[in-house]
Amino acid sequence: GVEVEGEFAMCGDLVIYDISMRMFKPRELYRAQGFPDDYIIEYGINEDGDIVPLTKTQQIEMCGNSVSPIWAAAH
């Protein structure tokens, strides 16, 4: 039995407040993985060797497939 009252909800004696969560931006994801701020995430290279801009979605996908430089250096 959850009762919603404005900005919070009651679940028995517990009060649940809205903490206004948000999604991380691509640069924040890379920082969390240990990549330096000068690591280029805005551009990639296509199959023809041309430099092309990456969308926000592509940047996030690339981070998800990355290996943290800290772990890579450890091996």
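**View 1. Long-range contacts and the overall layout of the chain.** Take the contacts in the chain with a separation of 6 or more: residues 24 or more positions apart account for 30% of them. This is a predicted model, and its chain holds three helices and five strands. Reading from the N terminus, you'll meet the elements as β-β-β-α-β-β-α-α. Of the 75 residues in the chain, 15% are buried. The accessible surface adds up to about 6,400 Å², with 58% of that belonging to carbon and sulfur atoms.

**View 2. Gln59, a buried residue in helix α2.** Helix α2 covers residues 56–64, and Gln59 is found in it. Gln59 counts as buried because its relative accessibility is 10%, under the 20% cut-off. Which residues does Gln59 touch, leaving aside those up to four places away in sequence? They are Pro26, Tyr30, Ile41, Glu42 and Leu54. Keep an eye on two of these names: Tyr30 turns up again in an aromatic cluster, and Glu42 in a salt bridge.

**View 3. Glu42 and Arg27, a salt bridge between distant parts of the chain.** The side chains of Glu42 and Arg27 meet here, at 3.0 Å from N to O. The pair links distant parts of the chain, with the two positions 15 residues apart: Glu42 sits in the loop between α1 (26–33) and β4 (43–45), while Arg27 belongs to helix α1. The two partners fall into separate accessibility classes: Glu42 is partly exposed, at a relative accessible area of 35%, whereas Arg27 is buried, at 17%.

**View 4. The other salt bridges, Arg22 with Glu28 and Arg31 with Asp37.** The count of salt bridges comes to three. One of them joins the side chains of Arg22 and Glu28, at 2.8 Å from N to O. Is Arg22 buried or exposed? Arg22 counts as exposed, since its relative accessibility is 52% and the cut-off is over 50%. Its partner Glu28 is partly exposed, at 22%. Arg31 and Asp37 form another bridge through their side chains, at 2.6 Å from N to O. In that pair, Arg31 is partly exposed with a relative accessible area of 46%, and Asp37 is partly exposed too, at 49%.

**View 5. The aromatic cluster of Tyr30, Phe35 and Tyr39.** These three residues form one aromatic cluster. The chain has three aromatic pairs by count. In the pair made by Phe35 and Tyr39, the ring centres are 4.6 Å apart and the planes meet at 45°, so the pair is tilted. Phe35 counts as buried, at 9% relative accessibility, but Tyr39 is partly exposed, at 39%. As for Tyr30, remember that it is among the residues touched by Gln59.

**View 6. A nonpolar patch on the surface.** Which residues form the nonpolar patch? Ile40, Tyr43, Ile45 and Ile51 do, and together they have about 510 Å² of accessible area. Ile51 is found in strand β5, which spans residues 51–53. This isoleucine, Ile51, counts as exposed because its relative accessibility is 65%, over the 50% cut-off.

Conventions:
Residues are numbered from 1 along each chain as its sequence is written. This is a predicted model: local features need pLDDT of at least 70, side-chain atom pairs count only at pLDDT 80 or more; totals for chains, interfaces and linings use all residues. Side-chain values use heavy atoms; hydrogens and water are left out. Helices (H or I, at least four residues) and strands (E, at least two) are DSSP runs, numbered from the N terminus. Buried means under 20% relative accessible area, exposed over 50%, partly exposed in between (1.4 Å probe, protein chains only). Contact means heavy atoms within 4.5 Å. Patches are made of residues with over 30% relative accessible area and no salt bridge: like charges are joined within 9 Å, nonpolar side chains (Val, Leu, Ile, Met, Phe, Trp, Tyr) within 5 Å. Accessible areas come from the Shrake-Rupley method with a 1.4 Å probe; for residues, only the protein chains shown count as cover. A salt bridge is a side-chain nitrogen of Lys or Arg within 4 Å of a carboxyl oxygen of Asp or Glu. Rings of Phe, Tyr and Trp (its six-membered ring) pair if their centres lie within 6.5 Å; planes under 30 degrees apart count as stacked, over 60 as edge-to-face and the rest as tilted.
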